[in-house]
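Biologist: Please pick one part of this model and take me through it slowly. I'm new to this, so give me the cut-offs as you go.

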Amino acid sequence: MSHNHAHAANKTILLNSFLVISGFMFIEIAGGALTNSLALLSDAGHMFSDAAALALCLFAFKFGEKKGTIKNTFGYKRIEILAAAINGLALIAIAAWIILEAVRRFANPPQIATLGMLAVSAVGLAVNIFVAWYMHGNVRENINMRGAYLHVLSDILGSLGAITAALLMIGFGWSWADPLASLFVSLLIAKSGYDVLKAALHILMEGAPSNVRMEQILTTIKSVDEVKSVHDLHVWSITSGLNALSAHIVIKGDIRVSAAQNILRRIEHKLEHLGINHVTIQTETQTHGHSSELICDIQAENSHEHSH
């Protein structure tokens, strides 16, 4: 699937998921308030973060479509990564709130309408499973989608925790099961938030993409017969699914600009199959180095308008 088609599909999936999650969120908030269940309220709070995360992702996708300008030459694609980082921080903050409230409830457990809690959490489980299944196929290559998906996935565990707590209170009268389930959910939420935030910061720090092997990149460039050596090699992600590379290559002997262009096009084609979408390579000759007239800076951008 091309980047543009995947982008459009992601927006549709996010919008539909947002509508489903938002609709049930109000039911769960009301159910949690009426039953006085922290497990249910924490799950409702997490569903609110789900809805906010999905809305933020939609905004990021839409804003990221803006074309580049003289001041923002890559456009606004990286706003998707900023949105993912905000999602990660939001998950960690929600987890902290649930932990504090759970500790308070261990000391002073309130009365809970367990049957109502069980009914609402069961419906919540069904809703979250459906949304997670709907989103699943489109989360691997986009960190923003993955962040929203992890929100929903951890919500499934939150619903299971609320159901388990309700059953324990109905069967054994264990009032501490409600805050205990909330603590369990909070740890899952915090782990999801940490993973998303870590991945987002890695991209913002321009670390090497996780789906790219630097040794393989270097070997691929040097596999072209005319290339003697490679230096100043850098690979980073502009945004999810859009990797960039810059490097200097030393060419064997003196060659013309047209020959250098041919070499670069061959390298570009090889790198495209390794997930590199945007390539900038400077060629240098063995004898003249940077001062040679034969040096040729060529921007070889594999935009999807030019993809094969």
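Modeller: Two strands pair if DSSP finds at least two bridges between them, and strands themselves are DSSP runs of E, at least two residues long, while helices are runs of H or I with at least four, all numbered from the N terminus. This is a predicted model, where local features need pLDDT of at least 70 and side-chain atom pairs count only at pLDDT 80 or more, though totals for chains, interfaces and linings use all residues. Residues are numbered from 1 along each chain as its sequence is written, and side-chain values use heavy atoms, with hydrogens and water left out.

Let's pick strand β2, residues 242–251. To place β2, walk along the chain: its eight helices and four strands run α-α-α-α-α-α-α-β-β-α-β-β from the N terminus. So who are the partners of β2? On one hand there is β1 (residues 227–239), which pairs with β2 in the antiparallel sense over nine bridges. One of the matches is S229, whose bridge partner in β2 is V250. On the other hand there is β3 (residues 278–285), parallel to β2 and joined to β2 by eight bridges. Here A247 has I281 of β3 as its bridge partner.

Now, is β2 covered or open? Mostly covered: nine of its ten residues are buried, meaning under 20% relative accessible area (exposed is over 50%, partly exposed in between; 1.4 Å probe, protein chains only). Across the whole chain of 308 residues, the buried share is 46%.

Stepping away from β2, look at the largest nonpolar core: 33 residues, of which L14, M117 and M135 touch the most other members. A nonpolar core is a set of buried Ala, Val, Leu, Ile, Met, Phe, Trp, Tyr and Cys residues joined through side-chain atoms within 4.5 Å. Helices α1 (3–35), α2 (38–64), α4 (114–135), α5 and α6 each give two or more residues to this core, and α5 brings the largest share, ten residues. There is also another core, apart from that one, with 21 residues, including I217, I263, I267 and V279.

One last thing, about contacts, which means heavy atoms within 4.5 Å: among those in the chain between residues at least 6 apart in sequence, 73% join residues at least 24 apart.
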